[in-house]
Amino acid sequence: MNETLAEAGEETAATIEASSCFARFVNVQKSYDGVELVVKGFNLDIHRGEFVTLLGPSGSGKTTCLMMMAGFETPTHGEILLKNEPISGLPPHKRGIGMVFQNYALFPHMTVAENLAFPLEVRHLSREEIKRKVARALAMVRLEEFGDRRPAQLSGGQQQRVALARALVFEPDLVLMDEPLGALDKNLREEMQYEIKRIHASLGVTMIYVTHDQTEALTMSDRIAVFNDGVVQQLASPETLYEEPENAFVAYFIGENNRLVGEVVENSGERCRVRLDSGETVLARAVASGGAGSRTTLSLRPERVDILVGGEDTDHDNRFHGEVMEVIYLGDHLRTRLRVCGNDEFIIKTPNAKGHPALTPGQTIEVGWSWGDCRALDA
Amino acid sequence: MAIPSYATRGERLWHYVFLGLCALVFLFLVGPLLIIIPLSFNAQPYFTFSQEMLTFDPAGYSLRWYEDFFTSRAWLGAIKNSFIIGIASTILATVLGTIAALGLSSRHMPARGVIMALLISPMIVPLIISAAAMFFFFSKVNLAQTYLGVILAHTALGIPFVVITVTATLSSFDTTLIRAAHSLGANPTRTFFKVVLPLVTPGVVSGALFAFITSFDEVVVVLFIAGPGQRTMPIQMWSGIREQISPTILAVATLLVLLSMLLLTTLELLRRRGERLRGLTPG
Ligand SMILES: Nc1ncnc2c1ncn2[C@@H]1O[C@H](COP(=O)(O)OP(=O)(O)OP(=O)(O)O)[C@@H](O)[C@H]1O
Ligand SMILES: [Mg+2]
């Protein structure tokens, strides 16, 4: 929406390495009651222009981290840096961080245009300049005709876009969003996800986004920090997070996942052999499992499990019989629940297309997967 | 109120009896007020309808009691005093009460319950007790028989109304709006005047109206504290009825009814405006 910002956006790609850290949490801890730590040793480096998502279950401390960045809560321990400066001494209104609140927090007594003009008036811009910027911000979120309406006269999605425009209109270089799409229906959500991505790409602002919706996190983010229990479990790109989860929590939280528990029999560093509690032996990729004798959880994505129809094959290092428990019709694919190795929550997915066998409950089939797709994680 | 089609005969009967009872209650409450208005135009110095008035003869009606009111030094002085005291104490009560309510709504406020109870107490303690206490105290500090004394006393009586109405408005106030204003760069002062105050204004205004009315028709405290120089309307009416029975008092009463209606209408309009701003009804 602004030339300088657009330039900054293009420039960032080249200068990421040079000015590597834009915003930074250094060993931040937070306790509300002085007893229980809600955030424990939180570390996060955010590059300029990046879209970072904090993803985690309810109560894991995501909002708390965002509020500390915005200045509405103070860290009990640790330091938050913005452009290499500690910001603990700066009150919220001097931080210049844009924020989109979960409930939008539009001022109900002002029109949409007045809402957008508010941060500009605070900054003592001239009247023409305010008018110009407000018009441009309204155009950016495609709400040109709605400037004179009050927030109560807008739909949820429109209010959401006004909130977004208001957080961006004063050209902050950091924008925080706390579950901004939580209250919207599925279609509007997807539309807004696209809109936010488009704006992020065109302005080059840095965004920290909070959600507990993993699909949203996977589609929007450059990097995702998976939160649990006040600690970052893994910080990585969406692909890495999905393909190579580092621990059982991440594997369980991101995407669908079959779990088999057992004991490591032999660990060669890359591969390991695991004896399941039900007696079978499985060959797996050693990721976070210990040496022989330690407990481990095997994680296997449903789409990496194949149904075998007789004959020899060398692709599948692990082959087991499974009893079909339930078949769930999902339109484009079928989700089948099997009992494999004593686990009757074992899920496989088959496309609803020609050439795939029709399964019926009670039937016994053979399934297989290669050792590399099966990750041995912590217990 | 429509009767649903499934109502039994008994329910229908009760419905009409109920409407009749409501009408009676209404008549009982409003009747005396409505009688006063035509009586105040009586051409005779009596408190009853004359034969001419009942036959709608123009000769039976006159504005002489209104004229009497607007030319009497005693009545005009009383109304002036009432307005001076009423307006000054309303302003004080509104400012102090609003600030108190804002402070009490903060989650960092210690001893909230105790302070609230103290502020509300003038509304609960029998008026005669407050009045007597104020009389003794004000006499000691030379505030008895002064305007300031009466104003301060009425301020104390008006504050509970402001505290209660503003607190009620604040309870539905979304505090993330304050955070939003801060995140947009507004300092606390600006946030207060641009975001908090406009949104709690309906509560502030209705509190102020209640405070004004409280002061305007207050007798007991004024009797104790005011000197002859601070005679207010209610006192003047009281002594008027006892000493010189004149229908002027009916003219005054009619004017006061008009004033109250005006204030209540303002209140209702403000309430609707507030609702519209909060998006409760389409504007
Ligand atoms: N003001 C507060 N006072 C005391 N405890 C709080 C406060 N705010 C949050 N908590 C606690 O801190 C923990 C983390 O809360 P937080 O709001 O950061 O979670 P979250 O990850 O944002 O969850 P959600 O996805 O449900 O929004 C919770 O256990 C919560 O009960
Ligand atoms: Mg939250």
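# Sheets, spans and a surface patch in a predicted model

Me: In what order do the strands of the five-stranded open sheet of chain A stand?
Reply: This is a predicted model, in which local features need pLDDT of at least 70, side-chain atom pairs count only at pLDDT 80 or more, and totals for chains, interfaces and linings use all residues. Strands (E, at least two residues) and helices (H or I, at least four) are DSSP runs, numbered from the N terminus, and two strands pair if DSSP finds at least two bridges between them. In this open sheet the pairing is antiparallel, and the order is β15-β19-β16-β17-β18.

Me: Which are the edge strands of this sheet?
Reply: An edge strand here pairs on one side only. In chain A that applies to β15 (306-308) and β18 (343-351).

Me: Which residue stands opposite A:Glu323?
Reply: Strand β16 of chain A covers residues 318-329, and β17 of chain A covers residues 333-340. The two pair in the antiparallel sense over seven bridges. Opposite A:Glu323, in β17(A), stands A:Arg339.

Me: Why is one side of β2 and of β5 in chain A left without a neighbour in the sheet?
Reply: Another open sheet, with antiparallel pairing, has the order β2-β1-β4-β5 in chain A. β2 (39-46) and β5 (85-86) of chain A stand at its edges, so each has a single partner strand.

Me: What is the bridge partner of A:Arg24 in β2(A)?
Reply: Strand β1 of chain A, residues 23-30, runs antiparallel to β2(A), and five bridges join them. The partner of A:Arg24 is A:Asp45.

Me: Is B:Val17 buried, partly exposed or exposed?
Reply: B:Val17 lies in helix α1 (residues 9-39) of chain B. Buried means under 20% relative accessible area, exposed over 50%, and partly exposed in between (1.4 Å probe, protein chains only). At 41% relative accessibility, B:Val17 therefore counts as partly exposed.

Me: How much helix is there over residues 248-270 of chain B?
Reply: An unreviewed UniProt entry lists "transmembrane region" for several spans of chain B, including 144-170 and 248-270; such annotations may be inferred rather than shown by experiment. Residues 144-170 of chain B are 89% helix and 0% strand, with end C-alpha atoms 36 Å apart. For residues 248-270 of chain B the end C-alpha atoms are 33 Å apart, strand is 0%, and helix is 100%.

Me: How far apart are the end C-alpha atoms of residues 23-254 of chain A?
Reply: UniProt (unreviewed entry) lists these residues of chain A as "domain: ABC transporter". Residues are numbered from 1 along each chain as its sequence is written. The span is 36% helix and 24% strand, and its end C-alpha atoms lie apart by 25 Å.

Methods
Chains are lettered from A and ligands numbered from 1 in the order in which they are written. Side-chain values use heavy atoms; hydrogens and water are left out.
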